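Q: Could you take me through how to read a fold from its strands, its helices and its contacts between chains, one feature at a time?

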Amino acid sequence: MTVAGRTRGRTLGFWSLASACAAVVVLGVVLSDRFGTDPDLTASPLIGLPVAEFSAPYLEFEGELSSDELDGSIVVINFWASWCIGCRVEHPALTDAAAQYAEFDVRFLGILHQDNPSNGLDFLDELGRGDPYTYVVDAGSRLGLEFGVLGLPETFLVDRDGTIVGKISGPISNPQVLVNAIDDLILGREIGTIKVGEVENR
Amino acid sequence: MIPALRRWAAPVALVILGSVIGIGLASGGEVEPTVEDRVDQIAANLRCPFCGGVSIAESTSSIARDLRGFITEQVGAGATDQEVYDYFVARYTERVLLRPVWSGWGLVLWAVPFVAVAVGVIAIRSRRRGRVAVPAGDVVDQLDHVRRDLGELELQEAAGELTPAVAGRLRASYLEEELAVAAAGAQGETADAPRKVDRKRLIGAGILVVGGAAVTLAVIGAVADRDPSGLITGGVFQEADDPVDLATVTNEELEQVVAENPDVVGMRLALARRYFQAGDFTAALPHFLGVLDRELNAEALASVGWMTYLSDEPDIAEDYVERSIEVEPDFPQAYWYLGNIRLLGLADPGGAIDPLERLLTYELPDDVRTEAEELLDVAEAEL
């Protein structure tokens with residue numbers, strides 16, 4: 001091979017290797033970008049968006065609750081189940097807050113998710129009901145899906161315009177977390193996602 | 001550069017390209033899928049948000065069943081696949097997708113092989129262009145011209161028209177020119193030889209790409225249909241509720257597997273079912289209860305109900321079977337149990353009619369249908 005031929009061979013080799021290196025670098029960047037973020041993502045992409053209209057059967061009586069009935073109120077929506085240990089832990093914080101904030105027209109909605117209504121009723125018989133507090137059943141897990149629930153318990157905060165403004169992920173073992181979030185909501189401050197613990201899945 | 005690297009860089013790049021093409025071929029090419037196919041496909045491409053990383057299709061959890069029901073509903077109502085994916089992405093972010101997407105980093109990932117191919121093509125083309133820069137005919141003309149100049153110079157020097165100094169300078173410059181043209185000619189003459197080599201290389205490259213694609217297709221074909229509960233990775237059992245051929249496993253072996261994997265509900269249920277069908281209720285009961293400790297399972301509830309009825313506790317039995325129906329309204333066995341319990345255990349023929357009528361709405365083996373019809377006749381007669 002002549003000098004020129006060898007040079008061209010090197011050029012092609014260089015380009016091949018350079019392309020391969022570039023590909024590896026790009027893949028590395030892509031993968032490291034994935035590694036750098038929390039795979040257990042709790043932040044809800046629904047924050048800042050309006051709550052979809054829904055209806056759900058009441059847990060304790062006949063008939064269905066329509067989301068229209070909540071229009072104009074601040075709503076604390078809690079997804080729970082009798083099998084969820086964290087739900088037991090946070091139950092008093094929710095029922096206490098429901099009583100405390102009733103005069104501010106803050107409505108509490110407990111959505112029994114992935115559980116049998118009779119188990120849900122047993123749970124309430126044992127741990128007590130909030131007053132005022134509305135309990136509904138998530139038939140076919142549609143509401144859980146609508147809210148992008150990742151596990152239990154999860155609590156969503158909805159402002160008077162019907163916009164999801166906050167999410168508390170995990171059991172609210174410290175009642176002050178919930179109180180502060182509701183205060184922030186009433187005062188129009190930003191809430192976002194608050195992670196207070198791990199969520200459970202059955 | 002290390003020679004080995006230079007030798008292997010191009011073939012390796014080509015095999016990778018082949019693999020990418022193979023993946024593309026393996027994942028495409030479906031023709032007119034049915035609604036069920038589409039639901040399967042979508043469920044396989046979506047991560048079950050509750051189930052620790054497996055797809056909705058793979059998971060047997062009740063939430064996965066609910067999500068699958070939702071997908072079926074949407075597809076049935078005319079939603080496109082993309083609309084269903086968008087719905088999930090809007091609520092769970094792109095993390096819910098198990099396949100890379102054509103945007104953001106996903107797009108970069110997809111683009112890499114195509115960019116690599118484009119760079120390769122440009123490199124090969126520029127190499128060709130460099131090689132044909134000096135046509136062989138021109139070189140011969142130029143050499144003749146230079147040699148003519150040198151001849152004339154010698155004649156002029158001999159005739160005394162040029163001083164030796166000037167003649168020397170001119171000769172040097174002509175010789176330099178001759179050397180340069182000759183070198184360029186040598187380059188041009190070799191132009192045809194590597195072209196033959198190129199053809200060989202092209203064939204080799206083609207074999208690498210096609211071979212890479214074929215091997216990748218074969219590998220994908222071999223692993224795509226494997227049982228999701230299989231231990232191909234050597235890991236622990238996951239979600240082993242999926243169909244596993246248990247026919248060849250003895251009860252003792254199954255007991256051991258269940259003891260080692262206490263939370264794998266499917267295996268425990270299969271074992272309990274074996275004992276139950278063999279009439280060994282003492283062995284079946286703890287396993288059905290073990291299943292119920294872990295999930296609300298219609299079969300376990302109904303079976304426990306039936307065993308309770310056979311132990312002369314029809315009230316409790318009725319409660320279990322009713323809960324089974326609540327959990328899974330389409331488990332026909334439960335209606336058979338409930339009809340029997342109400343008619344024969346609770347002397348409630350009126351209550352037995354509904355479940356028996358419901359039972360008869362399902363496709364049943366002939367003997368079961370006959371028995372159910374007879375029992376219904378008895379219930380109606382006793383009313």
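A: Let us start with a pair of strands in this predicted model. Strand 6 and strand 7 of chain A run antiparallel and are joined by 5 bridges. Within that pairing, A:Thr155 has A:Ile168 of strand 7 as its bridge partner. The hairpin formed by strand 6 and strand 7 of chain A has 5 residues between the strands, and there A:Gly162 adopts a positive phi near 85°.

Q: How do strand 7 and strand 8 of chain A run, and how many bridges join them?

A: Strand 7 and strand 8 of chain A run parallel, with 4 bridges between them. On this side A:Ile168 stands opposite A:Ile194 of strand 8 of chain A.

Q: In what order do the strands of the open sheet in chain A lie?

A: The order is 5-4-3-6-7-8, an open sheet of 6 strands in chain A with mixed pairing. Strand 5 (134–137) and strand 8 (192–195) of chain A are the edge strands, each pairing on one side only. Neighbouring strands of this sheet are turned against each other by 20° on average, with direction ignored. Towards the strand 5 edge, 4 bridges join strand 4 (residues 106–112) of chain A to strand 5 of chain A in a parallel arrangement, and A:Gly110 stands opposite A:Tyr135 of strand 5.

Q: How many residues of strand 7 of chain A are buried?

A: As a general idea, the side chains of a regular strand alternate between the two faces of the sheet. In this case 6 of the 6 residues of strand 7 of chain A are buried, so strand 7 is largely enclosed by the rest of the structure. Helix 5 (residues 175–186) of chain A lies across strands 3, 4, 6, 7 and 8 of chain A, and runs at about 175° to strand 7. For chain A as a whole, buried residues make up 37% of its 202 residues.

Q: Why does the span of helix 2 of chain A agree with its number of residues?

A: The idea is to compare an expected rise with the distance between the ends: at 1.5 Å a residue, the 16 residues of helix 2 (residues 85–100) of chain A should span 22 Å, and because the end C-alpha atoms are 24 Å apart, the two agree. Helix 2 of chain A nevertheless bends by about 40° at A:His91, and a proline, A:Pro92, follows within four residues. The buried residues of helix 2 include A:His91, A:Glu90 and A:Cys87, and what covers the buried residues of this helix includes strand 3, strand 4, helix 3 (117–127) and helix 5 of chain A.

Q: How many residues does each chain give to the contact between chain A and chain B?

A: In general, the size of an interface is often given as the accessible area lost when the parts come together. Counted by residues here, the contact takes 39 from chain B and 31 from chain A. On the side of chain B that touches chain A, helix 5 of chain B gives the largest share, 10 residues. By class, that side of chain B has 24 nonpolar, 7 polar and 8 charged residues.

Q: Is B:Asp312 buried or exposed?

A: B:Asp312 counts as exposed, because it has 8 C-beta neighbours inside 10 Å, where 12 or fewer is the cut-off for that class. B:Asp312 sits in the loop between helix 12 (298–310) and helix 13 (314–327) of chain B.

Methods:
Residues are numbered from 1 along each chain as its sequence is written. Chains are lettered from A and ligands numbered from 1 in the order in which they are written. This is a predicted model: local features need pLDDT of at least 70, side-chain atom pairs count only at pLDDT 80 or more; totals for chains, interfaces and linings use all residues. Two strands pair if DSSP finds at least two bridges between them. Helices (H or I, at least four residues) and strands (E, at least two) are DSSP runs, numbered from the N terminus. Axes are lines fitted to C-alpha atoms, for helices over the stretch in contact, and angles run from 0 to 180 degrees between N-to-C directions. Two residues are in contact if their C-beta atoms, placed from the backbone, lie within 7 Å. A residue is buried if 20 or more other C-beta atoms lie within 10 Å of its own, exposed if 12 or fewer, and partly exposed in between; C-beta atoms are placed from the backbone. Ala, Val, Leu, Ile, Met, Phe, Trp, Tyr, Cys and Pro count as nonpolar, Asp, Glu, Lys and Arg as charged, and the others, Gly among them, as polar. The expected span of a helix is 1.5 Å times one less than its number of residues. The bend at a residue is the angle between axes fitted to the seven residues ending there and the seven starting there.
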